[in-house]
Amino acid sequence: MSLKQSSASIGNVVGPYGEETLVCQFIHMTNSQGSTWFGGDPFSYTVPLLLAQFSLIFLVTSLVWLLLRPCKQGLISAQLIGGVIMGKSCLGRIKAYSEQVFPPGGRQILETCADLGFILYLFILGAHIDLNLVRKVERYAVVIGVSCFVVPLGIGLGVILIVTRAMELDSPTQQSLPFIASLTAISSFPVITSLLTDLNILNSEIGRIATLASLVSDICNYALSLVFGGVVVYLMSKQFAVIMSVICAIIFLLIIVFILRPMITCIANRVPQGHQMKESQFVVVAVLVLICGLGSEVLGQPAGLGTFILGVVIPDGGGLLANKMETFSTGLLVPAKFVISGLIMDFSAIRSLSGSAYGIVLFICYTSKFIAVFIPSLYYKLPTRDAVALALIMCCKGAIEAALYITLFEDGVIGREAYACLLLSMLMVTGIARPLIAHLYDPSSRYLGICKNSIMLNQPDDELRMLLCIHDEESVPTMMTLLDAMYGNRPITLFALNLMELKGRGAAVLEQTHHTNQSWSKALNSLAEKNAGYLVVRHFTSISPYASMHDDVCTLAADQVTNIVILPFHKQYTIDATVGLNSPSVRMVNQNVMAKSPCSVAILIDRGQFLTNQKSNHTFHVCLLFLGGMDDCEALAFCTGFIHNHMVAITFIWIRPWDHVNYTQQTMEIEMVNQFKAKTMGNQRITFKEELVKDAIDTTRVIGSIKDYDCDLCVVGRYHDADSEVLAGINEWSECPELGVIGDMLATPDFHFSVLVVQQQPPGADVSDYTALQPVASGYISSSRYSDCKDDFDSFHRV
């Protein structure tokens, strides 16, 4: 006997906005409980059907995103397109499929789960908004943000008046057109920052402008919606209940700010630095978020509005809470929300006459929005390509707009045809804009186009400008030892850049920090006071995603005309020289900086604990490995900074082929070595060794012998000639190519000293022939080459 049943009874009834489907759900049809074995259909029960829907949504959207991702498309677009594929426009036309997988009763439960996820998602978006940005908004951001919203809205409304008079449109179309114009004018802050993060340009120049401009545009949108919406509702109803609803909304806002916010902040402050939130703490916060959504619903507002406001008013601790919710909400429930948006879209609803009216208004609004951003950008001296990219960014739509479309459609404010046109235009404009933005705008072009600066190109009497990147305080003591060892040679300006991952906030930060309480910062300041007149320290902070963190490093290096950037190695070593922490994200930053830096780069492999072993003579012993090439020459130029310090000993090891007389060596290399030997002749602290090798085995032997010198720091260049006989075979394997062949060998646990790997030019770069040299002690390269490079750096400026 078949037990096949249905979980709901379905029929058509007259609703407030037309004919609607009425679903009567049977409460006992929840779990199938093995009815499959007796001829039952598990999809007739709500739980198996819901699980099947989530599984199908995940598979289809993941496949679509996999195909669209190389085209720089976003996850939201993939989810919407996945919904279109599964909806009425494609597979939904198959009756058996739509009745089995997405029946009206089953879709109702799916929508409820999706709405719950979206409520949490709005809290996450709110937590990503930093209200402190309001204080940082400059005039150009205000002009671009206001014009981005006001111009398309004003022109759109004007076009609507012309269209409605020129065309005979039905009443629903005429009512929908003003909402089309207002929705097109929106540039949502969370959407824009999410787009910038996806394209890895959040902390770029254009990214920061777009962030502030979208914030201004959002404020304009909220202000106009609040004033216009409240006035219209009151004029239409003229009831005291409208005033009471506004008063209750204000009271609810005060409750969020003065009761819920302190409670969540107190919970966040109890979480130790670097630790995860306890389950009990997370549950309390989640319940408060849901209560906030409930209160918003009771007061007649969307539940997501209350949770969004709660996320906005929470201080930086809100990021920790949002990250905890993000996997469950964004990864599982929110995709269903946008898939449903695609499910209900029906291309066949677009008619010729009204569809043309919608198309004209959308085209004019998007075009005027583009021009409203492009022209002010040119006025504020942005390059044309950057202005085009910024205008395209501000035209993009995302999660917030898609949620507004479906809300207005479900409330009957816009019809099915207007909804389809809005969603289709969003997919087309955003889909075209994203790859164009990626093609037009490359943040690194601002500093890759200028001459690379280096220590070798430094003027004899100029200060040495160094940029130290700090992820944590582990590598700071070793760097302080280096700075102290270079005391007395020439003035040094150190730019200490504290690199922090962007968590819980939507806007990147790059700013100078004048007052900081970190222990390493105080230690650097104390060292500067000790070496007053020779060392100046300036502190900066960068908060950005790891994927684009290198842009802040390179931008600051170009801005401050630094000679060298020093990066910490991505591996940290324990007291017994074994690897402790291993951060792939830090490694990615290092690789990007080495590929795009406008100056020399050095990676510091810090085994700082060995520097604390004070020797009887209290000297700091540096070993310099020299095999030839531009990077080794830069390493030699760096080590000349230790010559004048009587507390530093240097061992210079020159590894040369045994038959080097048969080879033509670069004049610069020979000249620099000869200058070093001549300048340090008779200096008991300087030891010069020339090692002749026949093959890679001899080279490995010489490198292994460095352990016998009891050195504290070994300095070596990154890139060496891959075709050299003395390295044949060694360069066939490398665990860390960013260190080069020799640096990779020295990074193994066999060696217990710190290592500094120096790169002046990336492998394969076009290196000029530096022929005119000056003595090593006073300069490294003739000033003519430096002047050309310095002019390029002086022309580098920021908006």
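Which residues of strand 10 point one way, and which the other way? I started my notebook with that one. Ser600, Ala602 and Leu604 point one way, Val601, Ile603 and Ile605 point the other way, and all of them are buried. In a regular strand the side chains alternate between the two faces of the sheet. A reminder to myself before going further: this is a predicted model.

**Entry: the whole chain**

I looked up the overall figures next. The chain has 27 helices and 15 strands. Of its 799 residues, 53% are buried. I then checked how far along the sequence the contacts reach: among those with a separation of 6 or more, 80% join residues 24 or more positions apart. The accessible surface comes to about 35800 Å², and carbon and sulfur atoms account for 61% of that.

**Entry: strand 10 and its partners**

Back to strand 10, which covers residues 600-605 and has six of its six residues buried. I wanted its pairing partners. Strand 7 (residues 564-568) pairs with strand 10 in the parallel sense, over five bridges. In that pairing I found Val565 opposite Val601. Strand 15 (residues 754-759) runs antiparallel to strand 10, and five bridges join the two. Here Leu604 stands opposite Leu756.

**Entry: Leu567 in strand 7**

I picked Leu567, which lies in strand 7, for a closer look. Leu567 is buried, at a relative accessible area of 1%. What does Leu567 touch, not counting residues up to four places away in sequence? My list has Val601, Ala602, Ile603 and Leu604, together with Cys469, Asn590 and Val593. The first four of these names belong to residues I had already noted as buried in strand 10. I also took one distance across the sequence: Leu567 and Ser475 are 92 residues apart along the chain, and their C-alpha atoms are separated by 9.4 Å.

**Entry: helix 21 and the loop after it**

Walking back from strand 7, I came to helix 21 (residues 549-559), where ten of the eleven residues are buried. Those buried residues include His550, Asp551 and Asp552, as well as Val553, Cys554 and Leu556. Val561 follows helix 21 and has a positive phi, near 50 degrees.

Asn563 sits in the loop between helix 21 and strand 7. Is Asn563 buried or exposed? I found Asn563 buried, with a relative accessible area of 1%. Leaving aside neighbours within four places in sequence, its contacts include Asn453, Ser454, Ile455 and Asn458, then Glu463, Leu464 and Arg465. Cys599, Ser600 and Glu634 are also in contact with Asn563, and Ser600 brings me back to strand 10.

**Entry: helix 25**

Which residues of helix 25 are buried? For this helix (residues 696-704) I wrote down Ala696, Asp698, Thr699, Val702 and Ile703. Seen down the axis of helix 25, these buried residues fall within an arc of 160 degrees, so they line one face of the helix. An α-helix has 3.6 residues a turn, so residues three or four places apart point the same way. I then asked what lies over the buried residues of helix 25: the cover includes strand 11 (620-626), strand 12 (648-657), strand 13 (686-693) and helix 26 (740-746). At the start of helix 25, a side-chain oxygen of Asp695 comes to within 3.2 Å of the backbone nitrogen of Ile697.

**Entry: cysteines**

How many disulfides does the structure hold? I counted zero. I followed up two of the cysteines. The sulfur of Cys396 has its closest cysteine sulfur in Cys395, 7.2 Å away, which is too far for a bond. Cys396 is buried, at a relative accessible area of 2%. Cys623 is in no disulfide either, and its nearest cysteine sulfur, that of Cys714, is 4.7 Å away. Cys623 is buried too, with a relative accessible area of 0%.

**Entry: Tyr405 in helix 16**

My last stop was Tyr405, in helix 16 (residues 399-410). Tyr405 counts as buried, at 1% relative accessibility. Not counting residues up to four places away in sequence, Tyr405 touches Leu183, Lys397, Ile414, Tyr419, Leu422, Leu423 and Met426. I closed with one more C-alpha to C-alpha distance: Tyr405 and Ser341 are 64 residues apart in sequence and 8.4 Å apart in space.

Conventions
Residues are numbered from 1 along each chain as its sequence is written. This is a predicted model: local features need pLDDT of at least 70, side-chain atom pairs count only at pLDDT 80 or more; totals for chains, interfaces and linings use all residues. Side-chain values use heavy atoms; hydrogens and water are left out. Buried means under 20% relative accessible area, exposed over 50%, partly exposed in between (1.4 Å probe, protein chains only). Helices (H or I, at least four residues) and strands (E, at least two) are DSSP runs, numbered from the N terminus. The arc is that of the directions from the helix axis to the C-beta atoms. Contact means heavy atoms within 4.5 Å. A polar contact is a pair of N or O atoms within 3.5 Å; within protein, one must be able to donate a hydrogen and the other to accept it, and residues adjacent in sequence count only if both atoms are side-chain atoms. A disulfide is a pair of cysteine sulfur atoms within 2.5 Å. Accessible areas come from the Shrake-Rupley method with a 1.4 Å probe; for residues, only the protein chains shown count as cover. Two strands pair if DSSP finds at least two bridges between them.
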